[in-house]
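Work through the exercises below with the structure open. Each task is followed by its solution.

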Amino acid sequence: MNEGFTAGKKKMDELCINTIRTLSIDAIQKANSGHPGAPMGLAPAAYVLWTEILKHNPKNPDWPDRDRFVLSGGHASMLLYSLLYLTGYDLSLDDIKKFRQWESKTPGHPEYAHTSGVETTTGPLGQGFANALGMALAEKHLASFFNRQDAKIIDHYTYVFCGDGDMMEGISSEAASLAGHLGLSKLICIYDDNKISIEGSTDITFTEDVALRFQAYNWHVVKVDDGNDIDSIKNALKESKAEKKRPSMIILSTQIAYGSPNKQGSADAHGAPLGEEEVRLTKEGFGFPTDKSFHVPKEVLNICRECVERGKTAQSNWQKTFDAYETAHPDLAEQWTQAIKGNLPTRWDSDLPEFKPGDGQIATRAASGKVLNAIAEKMPLLLGGSADLAPSNKTVIDSSFDFQKNSYNGRNIRFGVREHAMGGILNGISLHGGLKPYGGTFLVFADYMRSPIRLAGLMKLPVIYVFTHDSIAVGEDGPTHQPVEHVATLRAIPGLTVIRPADAHETAEAWRLAVKNTHGPVALILSRQKLPIIDRTEYAPADGLAKGAYILSDSDQKPEIILIATGSEVSITLEAGKELIKKGIQARVVSMPSWELFENTSQEYKDRVLLPDVTTRISVEAGIHMGWERYVTSSGETVGIARFGASAPGGTLMENFGFTSENIVNRALNLLNRQP
Ligand SMILES: Cc1ncc(C[n+]2csc(CCOP(=O)(O)OP(=O)(O)O)c2C)c(N)n1
């Protein structure tokens, strides 16, 4: 290549990179808040990746075979917004000027489904890294399902930018260990090794050898010593793309706030605006006009916007491949189209198992396993697993096999004892599109995955959680394994639908609802212990579950008392209701598997179930009392638990904690001021 051209290109690259930097510092200065350091240090890597390597179409950010890009350190959001604007996404310079302002497209941390081109919501460090693993896993599975010798309709990479914070968080260890085990070779991470976090140099907390750590995880590790050397970055990316067996980690030495004469390399630049004077000095150093803000040289926009044409070409090439695929494999092509739209196969729930009271008792976790398997037969793109508790959670799809290095078409994901990463990975699979993911563990360990569940709620991702062993009835394992506050704390997460079915019938309805739900995660709360199958010829049908609460049994006349129960406590409450009626008390029993679903119904329906003038009510749930006052009112009572559990057989615990029909009857009589 001729020397003049090379020098010219280098100069132009520098101008583009410095535009990313100045846009970022200007937006942060104007907002008077934000994180300028990382965008400035990472600008060269971001520029070279986005303009030369990343397969993306700014005019169609949802094109299913695009490469995925995740900015795991969401605090560096201005880096992403600068890239989106410069490369031609639906984000204007005006949007950038409104960084962090009310209703702007440029919130403090990137938000999925809010800003076009943002693949996931990031901010809680480490989550994005696990999301990226989920996306890479989804790509492998879909590729093995759909691709044919003559046509690859799904064939993309997933790139993730991480910082020291991501590397410190435990979730990155869990996720990296699994990614290495699975050999997810199309997952490429750039680690911004700037050796600075909020409290100062990483010398004070983080001195491990990250390269050795990732090599031990079976990753392909490349080091680039100069974060401004875009040729080396490009080569490292190319080398990583060529790696066929392992995920890649590019350890990039950068300087935080590169270009700021007084703040470069300093923690001061991590999370505060540089300051007017420092911004001026930085621009001066870059040769940018110091009297202008948000200055984008025309030639920079021209170069970066070449992504638009390249993206169009890439997508139209893909379309040709897809068209040929459609001709050769029309059924598969149709399946792909529906899956990417998130549509369910027809008759997916037509053969759910039938449960009869005569079959004996069955735990809702066991019923769940049967229902899951029936649905899996009709829904080939349903996949998931458990954090090493599959035999207990009943989450295995019997007709399939493990998702492993040599069998990416397997639908049983072995997450290992990695609940936190599992939550982030499920989010990544869901974000990728085309698949319906589920994941299980004991309810008590849902705490380990609270952050990703919260993010699934925030992003409205239709992930399904299978949380079993849902109360003190777990028994002998004792209070460490007995959830008490968990259902209440899950109910506190906005956007999460919590369903605690009473028996096998309600479990089938809960799955039906969870699979159909496209707007937000659903947590199924299931019993370890066997439960009676409620006789639906005598009591109301289980499809009332869709309304969150329904009248299961009623009195002949207007009720004097309403008993409201969830999950395993419904059958003892039904017994209690029967007993009260025998005693001449007009008692209604309501099964309330889901508060959220109930709250979504009309006031008229709610008033029909919980008659407003019948305020003598008792709730029965083997968990903390918190929240039930909402339904029992100040005239009612709650049968619940106000302490941790204990180690003893489950039946003994339920009895001692008052979860018996006798106790419910006595409490009702007391409340009504009647003699036993
Ligand atoms: C789970 C979590 N804990 C804490 C924070 C607060 N926080 C934001 S950035 C940051 C430091 C991150 O350091 P690094 O990744 O090196 O970013 P850089 O300083 O390079 O911008 C912390 C602790 C967070 N966002 N998420």
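**Exercise 1.** Find which atoms of Gly123, Leu125 and Ile196 lie close to the ligand in this predicted model.

Solution. Start with Gly123: one of its backbone N or O atoms lies 2.8 Å from a nitrogen atom of the ligand. Go on to Leu125, where a polar backbone atom is 3.0 Å from a ligand nitrogen. At Ile196, a backbone N or O atom lies 2.7 Å from a ligand oxygen. Taken alone, the ligand exposes 590 Å², and the protein buries 74% of that (Shrake-Rupley method, 1.4 Å probe).

Residues are numbered from 1 along each chain. Local features need pLDDT of at least 70, side-chain atom pairs pLDDT 80 or more, while totals for chains, interfaces and linings use all residues, and side-chain values use heavy atoms, without hydrogens or water.

**Exercise 2.** Describe the shell around the ligand by class.

Solution. Count the classes: six nonpolar, seven polar (Gly counts here) and three charged residues. Then locate them: α6 (164–168) and β4 (196–197) each supply at least two (helices are DSSP runs of H or I, at least four residues; strands are E runs, at least two).

**Exercise 3.** Trace the open sheet of five strands.

Solution. Read the order: β17-β19-β18-β20-β21, with mixed pairing (at least two DSSP bridges between paired strands). β17 (550–553) and β21 (637–639) are the edges; each has a single partner strand, so one side of each lacks a neighbour in the sheet. Now take the pair β18 (561–565) and β19 (587–591): they run parallel, joined by five bridges. Within this pair, Ile562 has Arg588 of β19 as its bridge partner.

Conventions:
A polar contact is a pair of N or O atoms within 3.5 Å; within protein, one must be able to donate a hydrogen and the other to accept it, and residues adjacent in sequence count only if both atoms are side-chain atoms.
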